[in-house]
Amino acid sequence: MECRCCGTSLERPGDYCLVCRSENADTVVIDCERERATVTALLDDDIVSQRTVTTRPENDQRWAPTELRNYAGRIADEIRRKRPEEVYATGDREVVRAVRSEVHYPFYRVADDDPIEAVRRKRGEPSLEVVEASTEEKLGGSHSTLIGGRDGRKVIDTVAGHPHVKKIIPGPIDAGGSGSRTGVRAKATRADDTGNVRLLIRDGSSVQENRVVTTASDRELGEHVRADLNDALVEAELKD
């Protein structure tokens with residue numbers, strides 16, 4: 001394949017052109033199984049490349065994390081070659097989570113038997129502003145205390161990592177709830193009319209309600225962000 005802008009021969013179809021600095025794919029869709037992942041590059045709605053990455057899961061627990069990390073790294077390398085505007089992922093949550101930690105592009109989970117077609121449908125929806133900022137930059141408000149210790153912080157980091165989250169405003173802590181649950185659990189609740197959502201974090205009998213300000217402008221778009229946040233919390237094994 002040649003670069004669509006300058007005609008330079010590309011090493012792989014859809015690769016970013018290093019000669020004229022132009023993209024030949026704008027979206028990557030990854031369909032991840034534990035032993036095999038398909039990386040599809042799209043330009044507009046057309047498939048410009050598909051590549052399969054395989055691995056052999058390691059049974060020895062001493063080496064299993066290294067095997068998974070290497071597998072995710074190879075998938076991430078395929079993504080980085082394209083320098084896409086967005087990445088969509090489906091499949092094995094452990095693999096998706098590992099890949100997500102390797103790349104720094106807007107990253108969304110898509111749940112569908114045909115992820116490429118689902119992405120094509122999603123591309124017709126209004127685009128939202130992307131906010132690139134650290135967790136510290138996104139945290140605000142008068143309440144600075146977060147419940148849940150390290151796991152509570154992991155919840156906040158997970159939510160702050162979403163590209164359409166502008167601000168997380170911690171709320172007061174209610175210690176009068178039921179103590180039947182163990183461990184830190186969280187969920188994003190229904191969006192309001194302005195597209196913002198609530199983030200509830202539970203730690204035993206304590207509950208903290210946090211306001212999440214998104215770049216969505218209405219309830220419908222806010223619901224898309226809420227679904228993404230809950231998917232991310234599931235991947236992080238923190239979903240209530």
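How many residues does the hairpin use to join β1 to β2? I began with this connection, keeping in mind that the model is predicted, and I found that the hairpin passes from β1 to β2 through three residues.

**Entry on β1 and its partners.** I then followed the pairing of β1 and β2, which runs in the antiparallel sense over six bridges, and I noted Thr 27 standing opposite Leu 42 in β2. Turning to β4, I saw that β1 and β4 pair in the parallel sense, also over six bridges, and that Thr 27 has Glu 86 as its bridge partner in β4. I also looked up the burial of β1: five of its six residues are buried, so the strand is largely enclosed by the rest of the structure. For this step I took buried to mean under 20% relative accessible area.

**Entry on the whole sheet.** I wrote down the strand order as β3-β2-β1-β4-β5, an open sheet of five strands with mixed pairing. I marked β3 (46–54) and β5 (107–109) as the edge strands; each has a single partner strand, so one side of each is left without a neighbour in the sheet. From one strand to the next, I recorded an average twist of 20°. At the β5 edge, I checked the pairing with β4 (residues 86–91) and found it parallel, over three bridges, with Val 87 opposite Phe 107 in β5.

**Entry on the helix against the sheet.** Next I asked which strands helix α1 touches. The helix, residues 64–82, packs on the sheet and touches β1 (27–32), β2 (36–43), β3 and β4, and I noted that its direction makes about 160° with that of β3.

**Entry on the largest pocket.** I turned last to open space, and I noted about 650 Å³ in the largest pocket. Its lining counts 23 residues, of which Arg 100, Val 103, Asp 157, Gly 161 and His 162 are the closest to its centre. Which helix gives the most to this lining? I found that α5 does, with four residues, while α2 (93–100), α5 (149–160) and α6 (219–235) each supply at least two. Sorting the lining of the largest pocket by class, I wrote down eleven nonpolar, five polar and seven charged residues.

Definitions and conventions. Residues are numbered from 1 along each chain as its sequence is written. This is a predicted model: local features need pLDDT of at least 70, side-chain atom pairs count only at pLDDT 80 or more; totals for chains, interfaces and linings use all residues. Side-chain values use heavy atoms; hydrogens and water are left out. Two strands pair if DSSP finds at least two bridges between them. Axes are lines fitted to C-alpha atoms, for helices over the stretch in contact, and angles run from 0 to 180 degrees between N-to-C directions. Contact means heavy atoms within 4.5 Å. On a 1 Å grid over the protein atoms alone, a cavity is a set of points where a 1.4 Å probe fits but cannot get out, and a pocket is an open set with protein on both sides within 12 Å along at least five of seven lines; lining residues have an atom within 4 Å of a point. Grid points are joined across faces, edges and corners, and a volume is the space filled by probe spheres set on the points. Ala, Val, Leu, Ile, Met, Phe, Trp, Tyr, Cys and Pro count as nonpolar, Asp, Glu, Lys and Arg as charged, and the others, Gly among them, as polar. Buried means under 20% relative accessible area, exposed over 50%, partly exposed in between (1.4 Å probe, protein chains only).
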